[in-house]
Amino acid sequence: MSFGRRQWLGWAALPVLGYAGMVAWLFSKQRELIYLPEGTRIDVAQTDFTLARGDVQLHGWVLHPHASRPVIYFGGNAEGIQNRREMLDRLLPDRPVYLVSYRGYGASGGQPSEAALLGDALALFDEVRSRHPDQPIAVIGSSLGTGVASYVASQRPVSQLVLIAPFDSLTAVAQVHYPVLPVRWIMRDRFDSIERLRGYEGEVMVIRAALDTIVPPANTNRLIAVLGKPPRVVDLPQAGHNTISGDPVFEQALADFLR
């Protein structure tokens, strides 16, 4: 082989090596790219509820702790869930509402991963059930929290399930945003709601935003299609992913469903 031929092959290999390097970097850094807790951190003293998970302490809030028929809220990625307290207090004044930050978020310790978040979510549900025995428990999930809420609903008797901007799976959404990368092969935290809720017969309300560019409508629609019982679907034609809660229809739909 001539020197020129070898040199050409070397240059031709550079894009392949660069692509492989990018994939390797994404694989090693994926949890840092998925989970965005930095802007949510607060001091423990600002919370009023603690759940011990081994050597990790999870912190959050409980509204109306002595009321009946509790509600659990699982927030979105990068969401400071303390900001949901005023709305939920106003909409659900006669129900206990539990908001606990994911590990690594808010005042909670530990590092986030799918397995850890799902285990924490079941532990929270069980703690709420022990505090409110024989009472129905509703679950709300927003964005990333819909993946958590869907898992809980597949494992525990959830009376009502609210999914705000839900997706079929995190891998499917990531593949839409990064079509040239082998996302489905390298993602470890998959939040596969479409499989967990396939055939689900519980009471579900789905709130979707027509202008959502983070969770494409097609990914939400695929999740809706596999439910065993048709959900109540609330469409917000003027809302995007991050402006859902500002739509006046959103609060009314949430209050009506949970009342």
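**Helix 3 and helix 4**

I began with the packing of two helices, and found that the axes of helix 3 (residues 114-131) and helix 4 come within 9 Å and cross at roughly 55°. That angle makes helix 3 oblique to helix 4, and I noted the crossing of the two as right-handed. I should record here that I am working from a predicted model, and that I read every entry with this in mind.

Next I looked up which residues form the contact: on the side of helix 3 I listed Leu117, Leu118, Ala121, Leu122 and Phe125, and these meet Gly147, Val148, Tyr151, Val152 and Gln155 of helix 4. I kept in mind that an α-helix has 3.6 residues a turn, so residues three or four places apart point the same way.

**Ser150**

I stayed with helix 4, which spans residues 144-155 and contains Ser150. Is Ser150 buried or exposed? I found a relative accessibility of 0% for Ser150, and because buried means under 20%, I entered Ser150 as buried. When I set aside the neighbours within four places in sequence, I found Ser150 in contact with Leu163, Ser193, Arg196 and Leu197.

**The annotated span**

I then checked the UniProt record, an unreviewed entry, which places "domain: AB hydrolase-1" at residues 70-166. For this span I noted 38% helix and 22% strand, with the C-alpha atoms at its two ends lying 22 Å apart.

**Aromatic pairs**

I searched for paired rings, taking centres within 6.5 Å as the limit, and the count came to 2 aromatic pairs. In one of them, Phe49 and Tyr98 have ring centres 5.5 Å apart and planes at 75°, and because planes over 60 degrees apart count as edge-to-face, I classed the pair as edge-to-face. I noted that this pair links distant parts of the chain, since Phe49 belongs to strand 1 (residues 49-53) and Tyr98 to strand 4 (residues 97-100), 49 residues apart. Both Phe49 and Tyr98 are buried.

I also entered the pair of Tyr102 and Tyr105, which is edge-to-face, with 5.6 Å from centre to centre and 90° between the planes. Tyr102 and Tyr105 are likewise buried.

**Helix 8**

Which residues of helix 8 (residues 217-226) are buried? I listed Asn219, Thr220, Leu223, Ile224 and Val226. Looking for what covers these buried residues, I found that the surroundings include strand 6 (158-164), strand 7 (203-209) and strand 8 (232-236), together with helix 5 (170-177) and helix 7 (193-196).

How values were computed. Residues numbered from 1 in each chain as written. Predicted model: local features only at pLDDT ≥ 70, side-chain atom pairs only at ≥ 80, totals over all residues. Heavy atoms only, no water. Phe/Tyr/Trp six-rings, centres within 6.5 Å; stacked < 30°, edge-to-face > 60°. Helix = DSSP H or I, 4+ residues; strand = E, 2+ residues; numbered from the N terminus. Buried < 20%, exposed > 50% of the residue type's maximum accessible area, 1.4 Å probe, protein only. UniProt positions renumbered as here; feature names shortened; annotations may be inferred. Contact = heavy atoms within 4.5 Å. Axes fitted to C-alpha atoms, helices over the stretch in contact; angles between N-to-C directions. Parallel < 35°, antiparallel > 145°, perpendicular 65-115°, else oblique. Left-handed = near helix turned anticlockwise from the far one by under 90°.
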